[in-house]
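User: I'm new to this one. Can you walk me through it?

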Amino acid sequence: MQLKIMGLILAGGKGTRLFPLTKERAKPAVPFGGKYRIVDFVLSNFINSGIFSIYVLIQFRSQSLLQHLRDGWQFGGLLQEQFIIPVPAQMRSPGETWYSGTADAVAQNCNLIEQSRPDLVVLFGADHIYRMDIRQMIEFHSRMNAGVTVAVIPVDKKYAKEFGVIEVDEDGRIIGFVEKREDAPTMPGDPTKVLASMGNYIFSTDLLLRMVYDDVKNPNSSHDFGKDILPNLVGKVEMFAYDFQTNRIAGDPPDRVPYWRDVGTLDAYYEASMDVRAIDPPLNLYNRQWPLRTSGYSDPPAKFAFDEDDRRGQAIDSMLSGGCIVSGGVVKRSVLGRWVRVHSGALVEDSVIFDNVDIGRRARIRRAIIEKNARIPADAVIGYDLDEDRKKYHVTESGIVVIDGTRSPVPLGHITV
């Protein structure tokens with residue numbers, strides 16, 4: 001059965017809890033895994049799943065995201081039905097407002113759906129780290145003859161207050177929505193776990209349009225799918241939960257447990273970054289059958305210089321991106337972005353370093369996130385005395401030191417006058 005699919009990606013979130021990483025960019029544009037951005041995960045999932053007609057709805061601090069989409073996610077234009085188009089908030093609501101919720105974001109862009117009339121709309125968020133074959137979820141949606149399908153993942157009951165929880169019957173039919181409550185209902189057959197919504201949905205088109213238009217008229221709604229629209233549809237529409245743990249990716253071992261992380265906080269972001277650089281990573285970025293796509297940089301390979309007892313460039317249990325030079329320094333259990341320079345005698349441990357950072361001679365850094373273009377002076381000590389670090393930097397409750405950088409210069413063209 002052939003289905004006409006439209007992909008809508010919600011990429012307009014502020015990412016307040018990721019500040020200061022979101023001071024200059026939207027959450028989906030935050031770097032991750034060295035050379036990537038968070039938005040690359042959902043876009044790669046769409047493309048690898050054969051979904052090529054995609055609109056990316058953007059809103060807050062979108063310039064960095066727009067530049068990344070331009071550099072890494074533009075098709076050649078040979079086929080009209082293959083496109084990735086960023087859609088800024090255009091204030092198409094009657095009150096000419098910004099998006100006030102996920103449903104309002106769709107409502108203000110219903111023209112995109114109406115002019116294409118897809119069979120299904122695949123509506124995903126852009127701020128999670130995971131891989132997913134969306135075709136399998138679409139097959140489930142069609143097999144169940146569903147109007148709405150919500151992707152869910154089992155999590156320990158103790159985390160129920162952190163997620164929107166889905167209540168289902170024995171057949172996977174959704175019978176309730178519970179928003180961030182400790183006493184959320186557990187999943188059938190396992191009283192230790194709840195089904196957390198991943199914020200990824202598949203809608204039959206006519207139903208979606210009817211839902212969002214009705215919601216616009218409701219003055220008491222917060223215009224959010226998980227809080228307002230979907231709970232009101234329980235018992236009225238066939239809604240099913242798709243268990244993400246049943247999803248399998250080509251090239252992965254069949255017994256590998258699917259990986260999904262909500263990197264909504266600095267600590268969660270840091271832990272996910274440490275996951276990908278692990279010796280046996282739960283999320284394998286080296287699977288050629290399910291590539292994680294991004295901008296195609298023309299960077300030279302990473303380089304390690306000097307081989308003296310007290311001056312040896314080396315990296316251990318780490319990931320380094322193109323253009324990095326480890327010049328007599330040591331990098332351990334860390335993730336380095338593009339064009340990072342680690343000078344002689346420097347030690348970087350358990351850290352996430354963004355692009356163009358320069359780490360001076362004999363500097364010692366541990367459990368830190370360092371923003372783009374930062375310059376760490378020689379002999380600096382970061383992450384060893386958190387009381388001192390708090391005087392100069394942002395430090396999370398778990399002791400991750402976050403260091404600001406500077407804006408990247410943008411080259412301009414010249415004319416002769």
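User: Which residue follows helix 1, and what is the sign of its phi?
Analyst: G50 follows helix 1, and its phi is positive, near 85°. Helices here are DSSP runs of H or I with at least four residues, strands are E runs of at least two, and both are numbered from the N terminus. Before going on, note that this is a predicted model: local features need pLDDT of at least 70, side-chain atom pairs count only at pLDDT 80 or more, and totals for chains, interfaces and linings use all residues. Residues are numbered from 1 along each chain as its sequence is written, and side-chain values use heavy atoms, with hydrogens and water left out.

User: Back to helix 1. How many of its residues are buried?
Analyst: Helix 1 spans residues 39–48, and 10 of its 10 residues are buried. Buried means under 20% relative accessible area, exposed means over 50%, and partly exposed is in between, with a 1.4 Å probe and protein chains only. Among the buried ones are V39, D40, F41 and N48.

User: What about strand 1, how many of its residues are buried?
Analyst: Strand 1 covers residues 5–10, and 6 of its 6 residues are buried. I5, G7 and I9 lie on one side. M6, L8 and L10 lie on the other. Both faces are covered.

User: Why two sides?
Analyst: In a regular strand the side chains alternate between the two faces of the sheet.

User: Which strands does strand 1 pair with?
Analyst: Strand 1 pairs with strand 6, residues 120–125, in the parallel sense over 6 bridges. I9 sits opposite F124 there. Strand 1 also pairs with strand 4, residues 53–58, again in the parallel sense, over 4 bridges. On that side L10 faces L57. Two strands count as paired if DSSP finds at least two bridges between them.

User: Is strand 4 buried or exposed?
Analyst: Strand 4 is mostly covered, with 6 of its 6 residues buried. S53, Y55 and L57 point one way, and I54, V56 and I58 point the other.

User: And which strand do 6 bridges join to strand 4?
Analyst: That is strand 5, residues 83–88, which runs parallel to strand 4. S53 stands opposite F83 in strand 5.

User: Zoom out. How many helices and strands does the chain have?
Analyst: The protein chain has 9 helices and 31 strands. Its radius of gyration is 23 Å, close to the 22 Å that the globule rule gives for 417 residues, so the chain is as compact as a globular protein of that length. That radius is taken over C-alpha atoms, and the rule is 2.2 Å times the number of residues to the power 0.38.

User: What box do the C-alpha atoms fill?
Analyst: Roughly 70 × 65 × 40 Å, taken along the principal axes.

User: What share of the residues is buried?
Analyst: Of the 417 residues, 53% count as buried.

User: What about contacts between residues at least 6 apart in sequence?
Analyst: Of those contacts, 58% join residues at least 24 apart. Contact means heavy atoms within 4.5 Å.

User: Another sheet, then. In what order do the 5 strands of the open sheet come?
Analyst: The order is 14-19-22-25-28, and the pairing is parallel. Strand 14 (303–305) and strand 28 (375–376) are the edge strands, each pairing on one side only. Inside that order, 2 bridges join strand 19 (residues 325–327) to strand 22 (residues 341–342). V326 stands opposite V342 in strand 22.

User: Now single residues. Where is H68?
Analyst: H68 is in helix 2, residues 63–72. At 3% relative accessibility, H68 counts as buried.

User: What does H68 touch, leaving aside neighbours within four places in sequence?
Analyst: H68 is in contact with R37, V39, D40, W73, T294, S295 and Y297. V39 and D40 are also among the buried residues of helix 1.

User: And P191, is that buried or exposed?
Analyst: P191 counts as exposed, at 60% relative accessibility. P191 lies in the loop between strand 10 (174–179) and strand 11 (193–204).

User: Which residues is P191 in contact with, neighbours within four places aside?
Analyst: K157 and T186.

User: How far is P191 from D262?
Analyst: P191 and D262 are 71 residues apart in sequence and 23 Å apart in space, C-alpha to C-alpha.
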